[in-house]
Structures are given as structure tokens and as C-alpha cells.
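Me: Could you take a close look at one part of this structure for me, chain B? I'd like to follow that chain through its layout and then see how it fits with the rest.

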Amino acid sequence: MKFTLSWLKEHLETDADARTIAETLTNIGLEVESLEDRGAALKDFIVAHVVSAEKHPNADKLKLCRVDTGSDIVQVVCGAPNAHTGMKGVFARPALVIPSSGETLKISSIRGVESRGMLCSERELLLSDEREGVIELDPAAEPGTPAARALGLDDPVFDVAITPNRGDCTSVVGIARDLAAAGLGRLKSTEVAVVKGGVPSPLGITLNFPPDAQDACPIFAGRFIRNVRNGPSPGWLQKQLRAVGLRPISALVDVTNFIANDRGRPLHVFDAHKLAGGMQARLARDGEIVTALDGKTYALDPETIVIADDKRALSIAGVMGGGDTGCTETTRNVFIESAWFDPQRIAATGRKLGIQSDARYRFERGTDPEFVVPGLELATRLILEFCGGEAAESVVAGSPPPWRREIAFSARHVRRLAGIDLTLSDISKILVSLGFAVEGDPEMRVTPPSWRGDIAGSADLVEEVVRIHGLDRIPAAPMARTHAVARAVLTPPQKRTRLARRTLAARGFNETISYSFIPRAHAALFGGGGELRQLENPIAADMDALRPSVLPSLLAALARNAARGFAEQMLFEIGAQFESGMPGAQTLAAGGVRLGSAARSWTKDTHNADAFDVKADMLAVLESAMGGTMTAPVKAGAPGWYHPGRSGTLALGSKVLARFGELHPEILAAFDVKVPASAFEVFLDAIPEPKAKGRTRGLFQPSQFPAVERDFAFVVDANVTADDIIRSACNVERSLIERVDVFDIYEGAGVPEGKKSLAISVRLQPRDRTLTDAEIEAVAQKIVSAVMKATGGTLRT
Amino acid sequence: MSDIDSLERQILDAIDNAADEAALETVRVSALGKKGSISELLKSLGAMSPEERREKGPLFNGVRDRVAAAIAERKTVLARLKLDARLAFERIDVTLPPRPELRGTIHPVSQVQDEITAIFADLGFAVAEGPDVEFDEYNFTKLNIPPDHPARQMHDTFYVSRQTDGARHVLRTHTSPVQARVMLSQKPPIRVIVPGRTYRRDSDATHTPMFHQVEALVIDEETHLGHLRWVVEEFCSAFFEVERIELRARPSYFPFTEPSVEWDMRCDRSGGQIKFGTGNDWLELGGSGMVHPRVLEMCGIDPSRYQGFACGFGIDRMAMLKYGAPDLRPFFESDLRWLRHFGFAALDLPTLDGGLSR
């Protein structure tokens, strides 16, 4: 909402300057987005009269001017070709700072002649790029007066952000009222005198709504004016409209724009000659077509209100006028429409048709139902004044929608919500100044004014009171501590997430956060890409699918960084992956990718990031999240984005906790990653909650007896897994076998084709005695036979 | 000099002259070995008379002990000499770089989220979370934003395609739907913060289609605007780690709060860096207000008994301000150079005792 200071002063008697007004507006909830005061930068520049302009005695292209500043006559050397005797210009005295250069003007001698000031160009004042000549002002400008006024720049322009609840402040008068309530002046009378009509209206109005839509348009008023002449509107009106960014069109149109901005009352003026019979407001017929002012044709539905004549719908009520019934230069007879429409219906229509208009903006925020008729009268008065003509009597169908309601209120409400004690008279004074009717003491009955449809209950009244009283005058009040020493607040899943994150960073991973939506083609590679995970209105074509995994985001990042020359990367993200577009159909995944080998290190002990690197990462995440050892078995295989032979899955029953492995070469190719990369995914939500165990640790009982290590090498089929061997060895004597480690794997000479040698080291830890050789031998035999039985292998000799 | 003395002298000289362990071993065998000279002497004791044995025994044993001690001592010296020689030979170029290790980092958004959590946890706020895809009902209607309310235009909403149940859900445009979820599932008193990803169809240097918000919600029987001011003040002072900050409260409008307040913080932007608590500029912090009675009602809480506030901040924005990141977009672009520049070490877990930042 834009307005000028002078426009505001039409409604507000005030001595406050623009800056104070702007600060006050912001403080009472009408946030000033900008205060444009171009005049302020020019406040010391004045109008001067060029008494004479003659050739410089020592230069052909310079002029020697005698300039009347209103208080003295000074000599100025000027290089502008357009400087001439008798003109009025903008004069800068020595010591002024010139806006374009930022330099201070000095008395100088130019080609031997003293120059005591300067006539300015638009460029020098930063008004435009025009540097060819000096500014030539209106000949009527008075020497010595501020140049800003002569330039029409002395009227600061405010731009205020109006929140959706303040329909009343989409008008200058509404803003003036709030400022007056805030103590910044006195609101002038807003009464509008009625214009008597000469003849009965030749056009009638009817409201034509079904019983269930009576509230769509409860009142519709109109006025017929004959014999107008539609030319340009007066200069003052054009100037105000231009200042607030509106283009003057013609007197009839400008009047409606003026009243919309001045009073928040949208109007429409029809060319009565183009109307066929009586006017009516009604719901559109399904598919009914209106060509609007923007030149577009809109097909309407029966929820939409239209203004129609006997034959057809003419305009989309409250949203946009019709294209072919508007006023032109040749318009002679007009019909002014002023109505009140249901804000929700207007909002719905605007949204469905995709139309943003000043009318919609105001109607959907709620207009003053009591100003429908006065608005019409004001328009009539201005049209008669600007365009002449004879007004017929007003016609009004229906009546303003009921708006009176009483709200019970008291100082207690203010204390309860705002924490401050205000007297009844303080409260009442504020409310009355905003137009509210207040009765009762100490229990008040408050009736909001017709223009404040947003006020529904006591909380709204508290807001009115505190915003005018001053929000900053509410002192801070400490909240009671719930516990003297703060308690831990994170839930187990929240703690797990934090541990997972910091564990990965400690392992050398860089945390990333990427968009939850990715290209559909990428989603499809990771089991997504279906209809249910599509965005209806993506911001970009390649951000259209909810991601089914965090890995595609990481791979895209990997590729981008690789292209920048990062040959080694470890990236992770902890974020949601989506199973569908249903709320809650998402799981929290910690995913990581590793790329590269440090191959260019002088140490040479390097390898490509492989499945065992990411297996370690995966286990580290799981174990830090669980706070214990992960004993669930890893099974070979993982979804299709992994290398089928070099990937694994860790599950508890049917619940997949994590997966890891080298990425499938086709996946890498799809992301343009040129070297092998490995990845893991841990599903943090799937990790079981630790069993509540208390904080004390178990007894510490180290064995007093020596442990014994024995090594075994087995020749087994190549497809036998390490896990098969380890588990069968472990199960031999669980109380004695402390651990089993694989320390060698060999395939090649000495081992038959299709077989491999796998060597394990078994640590026996007795707890109650020292093992004898015979006992050790017996356990060793059991291990050998158990492994051989389980794997079909043989002991390597 | 007796024969015994000269034998001892001879052996001790040989020990001193032994140049390496092998030579020393030869000396040891020739003296103390089975057939060694001292061993022979000790054997001769057996053939002596008791008187003679009493005289010679201590003598011979003394010789043996001294020789053994000298051998042990010489052995230590020789081992030391050998080690010194080896160490003198073993040299590396210590200026070479160590084995390569990548240094991991925590994303500034996670870090700032942990900082915010640490502060609010001290004030007794738990952390609540909710889904990214949200019911229209929770994102809007329960927050007093009915369909076609003009405030919906303030949210550039992303819609997910129609689901099998025929419904069309939204990517939550703010963290406030979690307020509704919390109020519907917990009884007052409530103190929670809600951090998380939020989405709006908007993109420029200061807007990305995904961003992070955190909001605080308090519901009890007495919390009012003064408490709200206190919490915002204490939070900002703790978060920005400045002793004194100055806030400005501006009336505003949010459909789910009444009265509604926006907060600005005094700052100084002169000199290219932002300083808080001083200067002549105001920095927009975030929106807040007393939870609207209709929202309480729709969430099953009796507004005649309970009240409270909600306030929200942008996590990314807080991170940008505190750590001097000028542009929002790189937050979500995973550029390693940026991640390393703005990231935090794994062990930089913010705590109130150690300070939120280093």
C-alpha cells in the first residue's frame, strides 16, 4: 500500500515529519517497507532565476550567468548549452555536496572568472542520466524556495506492508486513523455528503441469488450519470496516482482508483450505453464466459459472482471488470457499481482464475460494509466535478451484511495475555480512538467498527490495545524453571541421530544437507520416481520427485565435487527418505558415500574405497547409535543400486537396519561418477531402542587364567562365507571361545580350483582353570570337525 | 700375584676387550662354560680337604661372581652401542606429510540446531518433530488458516500429487503443524521446540525452496507476552553469545497467533561485519505471538484456562548471521569447499558449560 505524505495529510492533521510517521507506522504493526523521500537529499538546493546569461569573455562554450537566488544575485559560470536568460533553474551554493559526485562545491575561478555556485543537471542531482543541459523549472517557481518542491519531489512516498487482517488499512484513511490513535495527530472528518439525484435511475438493480448463497452479495448499490465528458483527471489527482505507482488513464477510471486507495472501496464504472437492460448480481452459470479487462477470456463456475445485465455476465464481481463495457473517451452515460462481496468467495475465485487485482486484494481482506453507499456518493461527487453530467437517484438492492457484535472485555484480559496492568480508561481510550464502541465498567462490552471485520474476540482486542500502547513497553518476565538443574530432553531417536552424525564426521565424512526433492529420473534409479512421490508444482523440472533415498542426493554432490577436482570424498547426509506422498510415510536415513583411493599419496598403502570401508562406517554408525556391539548377521546382497556381488544387508528379522557396498557401475555412470564408489545406508528409525538396563555396568571379572590362541586353516568351496566358518567355530563351546578372527584368505597355487583357504585364529579364555594340553587339543578337534561339517571343507595341512 | 688373581685379571681384560656380543660369548664360555677356566677351578674344590676348601671356596666363588657381573655389564654396554649404531642409521624425512586422512565436518545447520537445542533444553524445552509431507489440515486449517484465507498466499505451497486416498498433501510450509500435533497429543504444561525442514516455492539469494525453521511453543496457565519477550531475549543473547542485546517488538499478523509480534534485534552493519547489541540497524529475527484461542480450541485445549506463546526463527538464517555466510543457496549445494569452510569439527558439540562455539 503506497501513499504520499500530502495524501495522508488530507485525512490526518499532523505536524509529524515523514520519518516519525514511518517509525510510528512500523511500531503499530503497519510495517513501512520503504520511505522514499527524494526531496530530502535536495533540501538545500533552491530555485534560482537566471537574470542574464552571456558569453564567457575567455571561452566560447561557457556562459557567464547572473543568478537571482531570492536573497542575492551571484555570478555563476555555466557550461550547459540550454542555460539562457530568464529561465528558472536548480541552484547549488558553494559548500553544498553534489549528489552525483559526492564532492563539496567550492568557489572557483573558471578561465579567469569567479563562479560562486552551480546550476544543476538532472544527472548531478541523480534524478536521471540527463547530463546535456541544466534543469529548467516551471517559470512560476519562486526563487529561493526549495527546488524539491518545484521538482515535485517534496512529497515523501510511503510503502506499507498491509497484513491480511487489515483490510481497513488498504486505504489512506485507515492508515490515518491508526496514526491518530497512536497519538500522531487528529483524524479529519470522513463524512461523505449525499448527492441528490435529479431523475429516477433509468437502470434498476436486482440481487439474484439462490437461498444458500444469499450472503455472496448482500448489498449492491449503483448510480446512473448522464452526459459526462471523460477526459484526463485533474493534475493533483494524476500526480498522486503517479506517486503511488498508478498510471492515470481517464477521469472516470482515475476516480475509482483514487477512491480504492483513499477509502479502500473498490468501485466499477460501466459505460451505460453498452449495457442491455437492468443490472444484477448473480452466480455465474457453469461455463459462462467473461472477457475481462486484461483481455483474457475466463470460463466461470457457479461459485463465482458476476455482475450481469439482462443478457449476459459483464464482469467477474470483486475481481475484474469486463473488457467491453468499460469507459472510453467517448463514454457519455455511466453506471457506477458499488457492492459488498463475500471475502471467501472472492478469494476462491481469484485463486481459481489466477487473477491478482487491486479489487480482489481489498475484497478478500474485507471491505467496510457501511461504506458501500457513501463510496458511491463520493464517486458521484468526483465524477460530476471532473466530468460534469447529471446524476440520477442512487439505486440500492439489499442491505449491508450484519457486522455488529459485542465482545466481553476487561483489563483482566490485557493482564492475562500481555502481562501488563492498564486502567480501564487507558484501554477504553485506545479502543475508542480506533473506532470501537465501548460500554460498561469494569466489565466492558466492546463493539468493533464496521471496517474491522477481523476483530472476533478478546485476544484481538488485547492486540489492538497493546499495539497502540506500545509492544516495547511490555517488560520481559522470566519464566519459572521447571527444574533447578535442567533435565535431559532428547528422546532416544534424537540422541541416536546426533551420535550417528558426529560419529561420521569423526570418521572423516563431510555432512551435507540437500533438497528433499530430486530429479524424477534419479529417483527412479533408487526405487522411486512413481506418481505418488511426485510434486504437483515443482519449482524446477529437475526438483520434481520426493527422494526415495538420500544416496541420489549424495551421488549428485559427489559428481559435482569430482568435477571440481576432488578425487577423494567422503560425504554423508542424515535426512528423510520418502515411501509415498502420505504424511508420515518417511524414514530417517543416514547415508554416506566414499570415493577415491588417495592413490597419489607417497605412502602407496592405498586402495579404492570399497565395501569394507563402508561396512566399517555402517557398523560404526550402528554401534554408536546403539551404544553396543552389533551382532546381527550381514547377508550378501542389497537393492539394485549396489554392486550385486559386493554389497550386503544387515537386518533384524524382516527389519532392514542398514545396507552397504560398492555402487552399481550403471548407477555411477548415470551420475557421471567415473571411478568406483561405495555407499552405506543406515535406517535410524529401525534401530531397536536399547533395553532399559540402569546405569551401573556389569561386574568386572577378568579371568585369572591364561588365554590360548590356536590357528586353523580350512580349504572350503569358494562360496562358503567367513560368517559360516566363524559361527560354526564359535558355537563349539561358547563359554570358552572368546573370539574368532579371520586372519588370512588365499586362493591360487596349492589350493584346488573353486576352493579357497580361509584361516582363523581362535582365542580360548578359560575362567576357572588353566587349560591342559589335552583339553586344548580336544576343543581344537571339535572346532575342526564342526567347521568341516558345516562347510564341507577340510583342514589345510 | 697369585695364579688366581692373574687368571681373573686376564678374564676381566678379555671381557673389556670383547668388541661384540659374539666375542663376549666366547670369553664367557672360556671362563664360565662347562670346561671354562673358572668352572674347572670350582670343580677342583671337590678334591680338596675341608680346611683347604673352606679357604679356597669363597675365593673361587668370588672370582666367578665378579666375572659374571662384568660379563653382564659388558653385555648391556654392547647392546647399547649396537642400538645407538642402528638408530644412527635409521632416519626418515619428518617433513613428509602423514598418511592422508580426510577431516570430517558437521553442517552449520546441524551445528546451529544443536546450539539452539542446548539453550532451550536449559529452559526446559523438549524437542518435537513432525513429517515433511503434511496434511493440509495441520499445515493450515488447524492453525486458523481456512481454505481461501488470504494468508495462504503468504505461503508458496508445494503440493504432492494426489495419493491413493484421493487426498493432496503439502510439503509443510512451516514447522507450526507440529504445534498442532503436540497440542493434540500432550496435555499442558507444554514446552517444546520444533526444528526441521520446511518448504516454500521461492528461490533467490535469501530464499531456497527448502529451508529450516525452529519454533518454540509454550502452553500453560500463565505464560504471557512478557515471558515471550524474556525467552526471545535470553535466547538471542545466549545464541549470539553477546552479553547485551536490544530487541524491538513490532505488532504483526499471523493467523495462528493473537496478539502477534515480530522481533528485530539492534545491530551494526557498518564495516562489512554484523555486530549485535550496538549500532543503528535492525535485524529481523522472526515472528511470534500468543497462540490464537481458536488454534487452542481446534487442538483440544481449553482457551479459557490455557494460553501460551509460539515463536519461530529461521535456522539457516541464524547460521548465516552468526557465522557470516552471506548466501543461503550454498547451504544445500554440498560443495566440499563450502562444507569445509563453514563446517564444524565432530567434537565441537555445543554445550552451555563449554560455550556454544569455540
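Reply: Happy to. Chain B is divided into domain 1, residues 3-89, and domain 2, residues 108-342. Please keep in mind that this is a predicted model. Taken over C-alpha atoms, the centres of domain 1 of chain B and domain 2 of chain B are 88 Å apart.

A single residue gives a handle on that layout. B:Ser37 sits in helix H3 of chain B, which covers residues 37-44. B:Ser37 counts as partly exposed because 16 C-beta neighbours fall inside 10 Å, whereas a buried residue would need 20 or more. Not counting residues up to four places away in sequence, B:Ser37 touches B:Leu7, B:Ser30 and B:Ala31. Compare that with B:Ala121, which is 84 residues from B:Ser37 along the chain: their C-alpha atoms are separated by 85 Å.

Now to the partner chain. Chain B contributes 70 residues to the contact with chain A, and chain A contributes 83. On the chain A side that touches chain B, 40 residues are nonpolar, 26 are polar and 17 are charged.

Chain B also appears in the largest nonpolar core, a set of 175 residues. B:Ala216 is among the residues with the most contacts inside that core, along with A:Ile175, A:Val465, A:Leu558, A:Val593, A:Ala677 and A:Val682. Apart from this core lies another, of 63 residues, including A:Leu314, A:Ile316, A:Phe363 and A:Ala391.

Two of those chain A names are worth following. Leaving aside neighbours within four places in sequence, A:Val465 is in contact with A:Val414, A:Leu422, A:Ile427, A:Ile430 and A:Leu431. A:Ala677 and A:Val682 fall within strand E35 of chain A, residues 677-683, which pairs with strand E34 of chain A, residues 655-663, in the antiparallel sense over five bridges. In that pairing, A:Gly661 stands opposite A:Ala679 of E35(A).

E34(A) and E35(A) belong to an open sheet of seven strands with mixed pairing, in the order E27-E30-E31-E35-E34-E33-E32 of chain A. Strand E27 (510-511) and strand E32 (634-636) of chain A are at the edges with a single partner strand each, so one side of each has no neighbour in the sheet.

Conventions: Residues are numbered from 1 along each chain as its sequence is written. Chains are lettered from A and ligands numbered from 1 in the order in which they are written. This is a predicted model: local features need pLDDT of at least 70, side-chain atom pairs count only at pLDDT 80 or more; totals for chains, interfaces and linings use all residues. Two residues are in contact if their C-beta atoms, placed from the backbone, lie within 7 Å. Ala, Val, Leu, Ile, Met, Phe, Trp, Tyr, Cys and Pro count as nonpolar, Asp, Glu, Lys and Arg as charged, and the others, Gly among them, as polar. Domain bounds come from an automatic or database domain assignment. A nonpolar core is a set of buried Ala, Val, Leu, Ile, Met, Phe, Trp, Tyr and Cys residues joined through C-beta atoms within 7 Å. A residue is buried if 20 or more other C-beta atoms lie within 10 Å of its own, exposed if 12 or fewer, and partly exposed in between; C-beta atoms are placed from the backbone. Two strands pair if DSSP finds at least two bridges between them. Helices (H or I, at least four residues) and strands (E, at least two) are DSSP runs, numbered from the N terminus.
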